[in-house]
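Me: Please take a close look at one part of this model, the surroundings of the ligand and the sheet beside them, and then set that part in the context of the rest of the chain.

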Amino acid sequence: MQALFDPGKLREIDSICTGKNLVILPHHKPDGDAMGASLALYNYFLPVASSVTVISPGDFPEFLEWMKGADQVLRSDADEGRAKNEIASADVIFCLDFNDPDRVQGLSNTLQSSRARKVVIDHHLEPKVFCDFTLCVPGASSTCELVYRFITESGHSQRVERNIAECLYAGIMTDTGSFRFSSMSSDAHRIIAALIDKGAVNHAIHERIFDNFSENRTRFLGHCIKDKLVVLPEYHTAYISVTMEELDTYTYRPGDTEGIVNYGLSIRGVRMAAFFSERDDMVKISFRSKGDFSVKDLAAAHFNGGGHMNAAGGRSRKSLDETVQAFINLLPRYKDALAS
Ligand code: 5GP
Ligand code: MN
């Protein structure tokens, strides 16, 4: 496997972390990849650093709580003052699974003004330069793949023990649709094999994440597919929108809406799927596509978002109905691209 990172840079990062106070920061409402990467690095640095604090900007899904160290995560929505203090006083901050400081929402200014040395490890397109060390590989399967390479190329593969292997396996798995996206290179498969050798039990991790839904969440999925899915064949598009009332009816928990967008994409002929979810102060949108139709460009141009070509997200301050209508109104403009 060819090395990805400059060995001199890795040595320098190693030397500035040993014995120091580290903060590890994933993006807002971290997903499997962001949490997997954060807790893998947490367990990796814990024996050699003076302190390691993972700060989650907002909640994270219950189905990730099994990861070693998840119970130590500082949630900025629970204690924003402490989160900001830790960021301001850290020696080194690792920014994981995002490449734009706005993705940590209310912590963005504190992050940018912190005197800490900053390292970003990420796989999204078009990274912004806001850190001292930029370990960004757009197109890589996941940030967890890059964290694995960061550790092994630093010469410390022997420190990847079972807990770290489990976190990294889970992140690669969740960010690649269980290893099926085009980003899942042969090297990423080799890394998965190495993680199994390090003690990650593949079927057990799949069960913890995918066979761990509440009854309500499964019925919510049924409701979305049966009653809420709209298919627009002339635009090769499908979407689902859900109100806060519907989320309440099914006692929504963080993570419950994750993955539902993919059901629209599984319909023959559909090239783009969207999922609109009403929240207190905004509408959260997930986009998915097949082939070379870029939902990242669509999300960035119209919905204050971004992400990857085939998986992106965005936000809207309009009402749910207005947001969905704005999306529908855009479709004629993209008709040819969606048909090709
Ligand atoms: P999801 O739909 O699973 O929330 O997100 C899909 C992808 O889009 C992820 O890679 C995520 O990082 C990215 N993404 C989601 N929401 C946003 C957003 O508001 N801004 C940007 N730049 N990326 C987002
Ligand atoms: Mn990711």
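Reply: In this predicted model, a good place to begin is Phe 275, which stands opposite Ser 286 in strand 10. The two strands concerned, strand 9 (residues 272-278) and strand 10, pair in the antiparallel sense, and seven bridges join them. They belong to an open sheet of six strands with mixed pairing, whose order is 7-8-9-10-12-11. Strand 7 (230-232) and strand 11 each have a single partner strand and stand at the edges, so one side of each is left without a neighbour in the sheet. Helix 9 (residues 215-228) packs on this sheet, where it touches strand 7, strand 8 (237-242) and strand 9, and its direction makes about 125° with that of strand 8.

Ser 286 also leads to the ligand, since the residues closest to ligand 1 are Arg 103, His 124, Lys 284, Ser 286 and Arg 288, out of 14 that surround it. By class, this shell has two nonpolar, eight polar and four charged residues. Three side chains can be described at the level of atoms. A polar side-chain atom of His 124 lies 2.9 Å from an oxygen atom of ligand 1, while for Lys 284 an N or O atom of the side chain is 3.0 Å from a ligand oxygen. In the case of His 308, the distance from a polar side-chain atom to an oxygen atom of ligand 1 is 3.2 Å. Of the 490 Å² of accessible area that ligand 1 has on its own, the protein covers 82%. Two or more residues of the shell come from each of strand 10 (283-289), strand 11 (306-307) and strand 12 (311-316), and strand 12 gives the most, with five residues.

A second sheet, also open and of six strands, has the order 3-2-1-4-5-6 and parallel pairing. Its edge strands, each paired on one side only, are strand 3 (74-75) and strand 6 (133-136). Strand 5 (residues 117-122) and strand 6 pair in the parallel sense over four bridges, and here Val 120 has Thr 134 of strand 6 as its bridge partner. Helix 1 (residues 7-17) lies across strand 1 (21-26), strand 4 (92-96), strand 5 and strand 6, at about 120° to strand 6. Helix 2 (residues 32-45), in turn, lies across strand 1, strand 2 (51-56), strand 4 and strand 5, and runs at about 165° to strand 1.

The loop between strand 1 and helix 2 holds Asp 31. Leaving aside residues up to four places away in sequence, Asp 31 touches Leu 64, Asp 97, Asp 175 and Glu 258. Its C-alpha atom is separated by 15 Å from that of Phe 287, although the two residues are 256 residues apart along the chain.

One of the residues that Asp 31 touches is Asp 175, and helix 6 covers residues 162-175. The axes of helix 5 (residues 143-153) and helix 6 come within 8 Å and cross at roughly 145°. On the side of helix 5, the contact involves Cys 144, Glu 145, Val 147, Tyr 148 and Ile 151, which meet Ile 164, Cys 167, Leu 168, Gly 171 and Ile 172 of helix 6. These contact residues divide into eight nonpolar, one polar and one charged.

Technical notes:
Residues are numbered from 1 along each chain as its sequence is written. Chains are lettered from A and ligands numbered from 1 in the order in which they are written. This is a predicted model: local features need pLDDT of at least 70, side-chain atom pairs count only at pLDDT 80 or more; totals for chains, interfaces and linings use all residues. Side-chain values use heavy atoms; hydrogens and water are left out. Two strands pair if DSSP finds at least two bridges between them. Contact means heavy atoms within 4.5 Å. Axes are lines fitted to C-alpha atoms, for helices over the stretch in contact, and angles run from 0 to 180 degrees between N-to-C directions. A residue is near a molecule or strand if one of its heavy atoms lies within 4 Å of it. A polar contact is a pair of N or O atoms within 3.5 Å; within protein, one must be able to donate a hydrogen and the other to accept it, and residues adjacent in sequence count only if both atoms are side-chain atoms. Accessible areas come from the Shrake-Rupley method with a 1.4 Å probe; for residues, only the protein chains shown count as cover. Ala, Val, Leu, Ile, Met, Phe, Trp, Tyr, Cys and Pro count as nonpolar, Asp, Glu, Lys and Arg as charged, and the others, Gly among them, as polar.
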